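Trainee: Could we go through the charged side chains together?
Mentor: Gladly; let us bring up the sequence and the model first.

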Amino acid sequence: QVQLVESGGGVVQPGGSLRLSCVASGFNLDYYSIGWFRQAPGKEREAVSCINVMTDSTYYSDSVKGRFTISRDNAKSTVYLQMGSLKPEDTAVYYCAAAHITRVTLATLPNSSLYDYWGQGTQVTVSS
């Protein structure tokens, strides 16, 4: 059974940090690029950060560049999103998703419609 399970969300004060984890099972992560997406209430889902499986090239949205870092540990079938200098506007449900290497390139990593598998999401709330 294919699964992506996110964890690490919570409530944090502005300026704080969180590390999200995404554990994959039921498929070989070596052949999938991974993206972190988020959706805030009343807003569309947006790509936050993605990592290309073939090259380890990364994508960051302008809103998180310099504050968030994506990494992967294929031996643990886990992808991480280290989030720092958090702002209230980072509040959202964060999802990880996996896209087969044949479906995405570095240029298309932020395109959520190309992702095959999705996790259930983890809530991140940044509030004082």
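Mentor: Before we look at residues, keep one cut-off in mind: buried means under 20% relative accessible area, exposed means over 50%, and partly exposed lies in between. Bear in mind also that this is a predicted model.

Trainee: Okay, so is Glu-46 buried, exposed or partly exposed?
Mentor: Glu-46 has a relative accessibility of 33%, and because that value falls between the two cut-offs it counts as partly exposed.

Trainee: Which side chain does Glu-46 meet in a salt bridge?
Mentor: Its partner is Arg-38, with a distance of 2.6 Å from N to O. Arg-38, in contrast to a partly exposed residue, is buried, because its relative accessible area is 5%.

Trainee: And which residues are linked with those two in a network of salt bridges?
Mentor: The network links Arg-38 and Glu-46 with Arg-67 and Asp-90.

Trainee: How many salt bridges does the count come to?
Mentor: The count comes to five salt bridges.

Trainee: Switching topic, what does Asp-116 pair with?
Mentor: Asp-116 forms a salt bridge with the side chain of Arg-103, at 3.1 Å from N to O. The two residues are 13 residues apart, both in the loop between strand S9 (92-100) and strand S10 (117-118), and the pair links distant parts of the chain.

Trainee: Are those two buried or exposed?
Mentor: Neither term fits, because Asp-116 at 33% and Arg-103 at 37% relative accessibility both count as partly exposed.

Trainee: What about Lys-65, where is its partner?
Mentor: Lys-65 forms a salt bridge with Asp-62, with the closest N and O atoms 3.2 Å apart, and both of these residues are exposed.

Technical notes: Residues are numbered from 1 along each chain as its sequence is written. This is a predicted model: local features need pLDDT of at least 70, side-chain atom pairs count only at pLDDT 80 or more; totals for chains, interfaces and linings use all residues. Side-chain values use heavy atoms; hydrogens and water are left out. A salt bridge is a side-chain nitrogen of Lys or Arg within 4 Å of a carboxyl oxygen of Asp or Glu. Buried means under 20% relative accessible area, exposed over 50%, partly exposed in between (1.4 Å probe, protein chains only). Helices (H or I, at least four residues) and strands (E, at least two) are DSSP runs, numbered from the N terminus.
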